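Colleague: Please take one helix and go through it closely. I would like its buried side, what covers that side, and any covalent link.

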Amino acid sequence: MKIRICFLVLPLVVSACLPLTTYYRAGVSPARLQSDITSCEVRALRDAPVRLQTQVSPPVWVAPRQICNAANVCTTQPGYYRPGHVYQVDVNKALRGRVETQCMSDKGYAPAKIQPCKNGAATVPASGAAKLPTLTDRSCFLRNSDGTLRVLNQG
């Protein structure tokens with residue numbers, strides 16, 4: 001049970017230490033940012049829908065091998081092919097990402113990587129209609145109690 005809990009909690013702890021990669025435009029509200037992201041995701045999905053293609057990895061040849069026992073009596077196992085695996089690939093995934101990025105760029109956003117705030121605060125009260133500040137080398141993010149993010153410029 002403890003191991004299972006560790007596997008559930010560990011990704012949350014590790015992700016809290018990782019930078020946030022998002023689209024960013026100073027002066028817009030977080031609600032507007034989320035609305036624009038959703039709009040562009042929908043557009044990208046419409047313009048480059050999921051298109052699954054079934055593929056098969058090639059078979060692998062396992063060479064014959066000789067096995068000897070303690071009395072130095074040897075036998076040879078014949079070689080054989082290990083069959084390939086069947087899997088699916090979304091061939092439109094990269095295109096969908098480019099469509100989304102272009103859509104966000106058309107709305108004035110640019111990709112940004114923001115570090116988590118290191119002041120020890122895990123959550124802050126939800127901030128309402130605050131606008132996103134201009135990013136600096138001291139910008140960081142905190143997670144609001146409602147799950148949204150808040151970007152700060154630490155002094």
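Modeller: In α2, the buried residues (under 20% relative accessible area, 1.4 Å probe, protein chains only) are L33, D36, I37, C40 and A44. Seen down the axis of α2, they fall within an arc of 100°, so they line one face of the helix. The arc is taken from the directions from the helix axis to the C-beta atoms. The face turned away from the buried side carries A31, V42 and R46, which are exposed (over 50%).

This is a predicted model: local features need pLDDT of at least 70, side-chain atom pairs count only at pLDDT 80 or more, and totals for chains, interfaces and linings use all residues. Residues are numbered from 1 along each chain as its sequence is written, and side-chain values use heavy atoms, with hydrogens and water left out.

Helices (H or I, at least four residues) and strands (E, at least two) are DSSP runs, numbered from the N terminus. The cover over the buried residues of α2 includes β1 (20-24) and α3 (93-106). L33 has contacts (heavy atoms within 4.5 Å) with T22, Y23, V28, M104, Y109 and L132, not counting residues up to four places away in sequence.

C40 is buried too, at a relative accessible area of 0%. C40 forms a disulfide (cysteine sulfur atoms within 2.5 Å) with C103, the sulfur atoms being 2.1 Å apart. C40 lies in α2 and C103 in α3, so the pair ties together parts that are 63 residues apart in sequence. With -70° about the S-S bond, this link of C40 and C103 is left-handed.
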